[in-house]
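Please walk through the structure shown here, moving from its core outward to its helices and loops.

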Amino acid sequence: MAYDRFVAICHPLHYMVIVNPRLCGLLVLMSWIMSVLNSLLHCLLALRLSFCANLEIPHFICELNQMIQLACSDTFLNNMVMYFAAVLLGVGPFIGILFSYSKIVSCIRGMSSAQGKYKAFSTCASHLSVVSLFYCTTLGVYLSSAAIQSSHSSETASVMYTVVTPMLNPFIYSLRNNDIKQALKMFFVKETTNRPVILGLKTYH
């Protein structure tokens with residue numbers, strides 16, 4: 001989305017050529033492959049761990065970081081792979097996002113129209129807010145060495161980046177689109193016009 005905003009604001013005339021369906025498909029396929037390979041690697045490494053007793057993970061999902069902390073066997077390799085994957089899959093895209101938005105800010109500063117600047121900033125604000133929410137809560141869960149297993153803070157943070165952030169995606173990627181807005185308006189107008197009218201009946205004596 002950062003690259004999409006960068007092309008749309010900095011190269012608007014070439015947007016349809018650069019952001020074509022083939023590129024979008026390749027980006028989605030690449031993200032799926034990287035996610036599957038990352039999950040498979042962590043699952044294979046977790047199979048080698050041994051646990052001493054019946055333990056309870058204080059989360060609504062099986063958090064990898066919390067599960068590794070409860071293992072009785074050596075978890076050095078698991079921790080190294082987990083932090084390496086976090087750096088590779090987290091810091092790498094974050095640097096790309098910062099680079100894209102630095103180019104966007106420099107392009108916006110060169111605009112002469114105040115309305116154009118406001119429109120560009122409003123386009124990027126929703127995406128930046130969700131990116132900030134995702135990264136801050138993820139860092140709170142995975143990179144905090146002072147996390148207490150019984151505290152509810154890490155549970156709340158995990159809910160934010162696993163549930164709240166995906167729920168906000170339709171508002172950012174769909175409902176801000178003018179075509180989607182027009183389709184929703186037409187749908188609701190059609191529903192209200194086709195709704196049957198129930199007339200009250202009076203009994204006269």
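A nonpolar core is here a set of buried Ala, Val, Leu, Ile, Met, Phe, Trp, Tyr and Cys residues joined through side-chain atoms within 4.5 Å, where buried means under 20% relative accessible area. The model is a predicted one, and every statement that follows should be read with that in mind.

With that definition, the largest nonpolar core has 14 residues, of which F6, I9, I97, Y101, I104, I108 and C124 touch the most other members. The elements that give two or more residues to this core are α1 (2-10), α5 and α6 (114-142), and the largest share, five residues, comes from α1. This core also draws at least three residues from each of two assigned domains, domain 1 (1-49 + 62-110) and domain 2 (113-144 + 153-192). One residue that illustrates the packing is I104, which, leaving aside its neighbours within four places in sequence, is in contact with A2, R5, F6, I9, C10 and C124. A second, separate core of seven residues includes A46, L64, M67 and I68.

Helix α5 can be examined next. For its 34 residues (residues 76-109), a rise of 1.5 Å a residue leads one to expect a span of 50 Å, and the end C-alpha atoms are 48 Å apart, which agrees. The buried residues of this helix are N78, V81, M82, A85, G90, I97, S100, Y101, I104 and I108. An α-helix has 3.6 residues a turn, so residues three or four places apart point the same way. Among the buried positions is S100, a residue of helix α5; its relative accessibility is 8%, and because the cut-off for burial is under 20%, S100 counts as buried. Outside the four places to either side of it in sequence, S100 is in contact with A2, Y3 and F6.

Helix α3 offers a parallel check on geometry, since its 26 residues (residues 21-46) should span 38 Å at 1.5 Å a residue, and its end C-alpha atoms are indeed 38 Å apart. At the N-terminal end of α3 the cap is N20, which places a side-chain oxygen 3.2 Å from the backbone nitrogen of R22. The residues H42, L45 and A46 are buried in α3, and what covers the buried residues of this helix includes α4 (64-69) and α5. In the loop between α4 and α5 lies T75, which is buried because its relative accessible area is 15%. Not counting residues up to four places away in sequence, T75 touches L49 and I68.

How do the annotated regions relate to these helices? An unreviewed UniProt entry places the feature "transmembrane region" at residues 23-47, 80-99, 120-144 and 156-175. Over residues 23-47 the chain is 96% helix and 0% strand, with end C-alpha atoms 36 Å apart, while the span of residues 80-99 is 100% helix and 0% strand, with end C-alpha atoms 27 Å apart.

A last residue to consider is S129, which is found in helix α6. With a relative accessibility of 42%, S129 counts as partly exposed, because this value falls between the 20% and 50% cut-offs. S129 and T165 are 36 residues apart in sequence, yet their C-alpha atoms are 9.9 Å apart in space.

Conventions: Residues are numbered from 1 along each chain as its sequence is written. This is a predicted model: local features need pLDDT of at least 70, side-chain atom pairs count only at pLDDT 80 or more; totals for chains, interfaces and linings use all residues. Side-chain values use heavy atoms; hydrogens and water are left out. UniProt positions are given in the numbering used here, feature names are shortened, and annotations may be inferred rather than shown by experiment. Helices (H or I, at least four residues) and strands (E, at least two) are DSSP runs, numbered from the N terminus. The expected span of a helix is 1.5 Å times one less than its number of residues. Buried means under 20% relative accessible area, exposed over 50%, partly exposed in between (1.4 Å probe, protein chains only). Contact means heavy atoms within 4.5 Å. A polar contact is a pair of N or O atoms within 3.5 Å; within protein, one must be able to donate a hydrogen and the other to accept it, and residues adjacent in sequence count only if both atoms are side-chain atoms. Domain bounds come from an automatic or database domain assignment.
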